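Morning, everyone. I have one structure to go through today, and I will keep it short. Please have a look at it first.

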Amino acid sequence: MSTGAEVVGAAAPVAAGVTPVATGVAGGVKAGVAAQADGSVPAIATSGLSKRFRGGQLAVDTLDLAVPQGAVFGFLGPNGSGKTTTIRMLLGLITPTAGGCRLFGETVDASRVSTLTRVGALIEGPAHYPYLTGRANLARYDAADRTADPATRARRIDRALEQVGLGSAAEKKAKNYSLGMKQRLGLACALLQPRDLLILDEPTNGLDPQGMREIRSLITSLAAQGTTVFLSSHLLDEIEQVCTDVAIMSRGRLVSQGSVTQLRAGQRARLTVTTPDPADAARVLAEQGGTDVQVAGHRVDCDAREDLAPDVVCAALVASGVRVLAFGVERPSLEDAFVALTGEGFDVAG
Ligand SMILES: Nc1ncnc2c1ncn2[C@@H]1O[C@H](COP(=O)(O)OP(=O)(O)OP(=O)(O)O)[C@@H](O)[C@H]1O
């Protein structure tokens, strides 16, 4: 039986260097680096990573990814954009058609899982033993890990259950768990051992908003303890809230990668006014030097250039008799960045 929370690997020395991944620029944001500024190797580096399935589908197309150590790295893309396929290749669960990947400088090779002990993983749709309790499931997974000391098993299991908020449901059979509880149990498997890198495929799938918040806060606290977290998601909000860095996938290709701040910075913020006097407001914004002034119903907006002080503009609107119902600077979201980079909405990939 397979589990979505495979704890893969064995101790692996960190190689002195890492093969540089090709660099490219998409949307003005760095798309691949060989090593971090401090000279350490990236936690994850892929070079020309590709996967074509038997049916001919090119699920991942020459992917060059660099995940810095210590990052909370969001792997963002619509459903079907190649995230799970990439993760499966990162963990050596499927073989790339071309290219390869390195974790902490070590080549990932499906026949040498020993490179993966530093990595905990949660793969989409974790499977569990339905007739065993949550605790017994964890005991099974822990027993299967040859590096795990049986003497400290109970303590590890208790800690993992607490971390994911399953302490009070530990004695329930997994078949009676909700989808979100199953997801938490999968995450607990990945947390049985301390890991340098956690690879989480859609970790908040099936969770309610409260559960999502709890997992986000768990991810943040693991990162604060020094764990690099790589998490895939099709939820832009989630990535914005928890991640320091992001790579955006569309139809199997990397569209862009960089820090969340960098990515947003490529997009201009907008000064927005809500008013029953849109024509007058548009005139005043233009007089104040606003460019790309747009009117849509009661909303008027323009580029928020640095030399356009919002307080001065707002005062000018009021002084001109414009009735201002709302005024603000809207910063671009990752969704705006995605649309600008791909020219497409954030819909399911074909
Ligand atoms: N085993 C397979 N055989 C053939 N095609 C596959 C296989 N696995 C995935 N695909 C296809 O590869 C593409 C990428 O799928 P993948 O599951 O990697 O995307 P994803 O971004 O993880 O999407 P989701 O968020 O919905 O899981 C899709 O078009 C999918 O149908």
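Which residue of strand 11 does Leu 198 stand opposite? Before the answer, a caution: this is a predicted model.

The answer is Val 229. Strand 11 covers residues 228-233, and 5 bridges join it to strand 10, with the two strands running parallel.

Now the other neighbour. Strand 9, residues 119-122, also runs parallel to strand 10, and 4 bridges join them. Leu 198 turns up here again, as the bridge partner of Gly 120. So much for pairing.

How is strand 11 reached from strand 10? Strand 10, helix 5 and strand 11 make a right-handed β-α-β unit, where helix 5 is residues 209-224.

Next, burial. Strand 10 is residues 197-201, and 5 of its 5 residues are buried, so the strand is largely enclosed by the rest of the structure. In a regular strand, side chains alternate between the two faces of the sheet. Here, Leu 197, Ile 199 and Asp 201 are on one side, while Leu 198 and Leu 200 are on the other. Both faces are covered, and the buried residues include Asp 201.

Last, the ligand. There are 14 residues around it, and those that come nearest are Phe 53, Ala 59, Asn 79, Thr 84 and Thr 85. Which element gives the largest share of that shell? Helix 1, residues 83-90, with 3 residues. By type, the shell has 10 polar residues, 2 nonpolar and 2 charged.

That is what I have.

Terms used. Residues numbered from 1 in each chain as written. Predicted model: local features only at pLDDT ≥ 70, side-chain atom pairs only at ≥ 80, totals over all residues. Near = placed C-beta within 6 Å. Helix = DSSP H or I, 4+ residues; strand = E, 2+ residues; numbered from the N terminus. Nonpolar A, V, L, I, M, F, W, Y, C, P; charged D, E, K, R; others polar. Buried ≥ 20, exposed ≤ 12 C-beta atoms within 10 Å, placed from the backbone. Pairing = 2+ DSSP bridges. Right-handed = clockwise from strand over helix to strand, strands pointing away.
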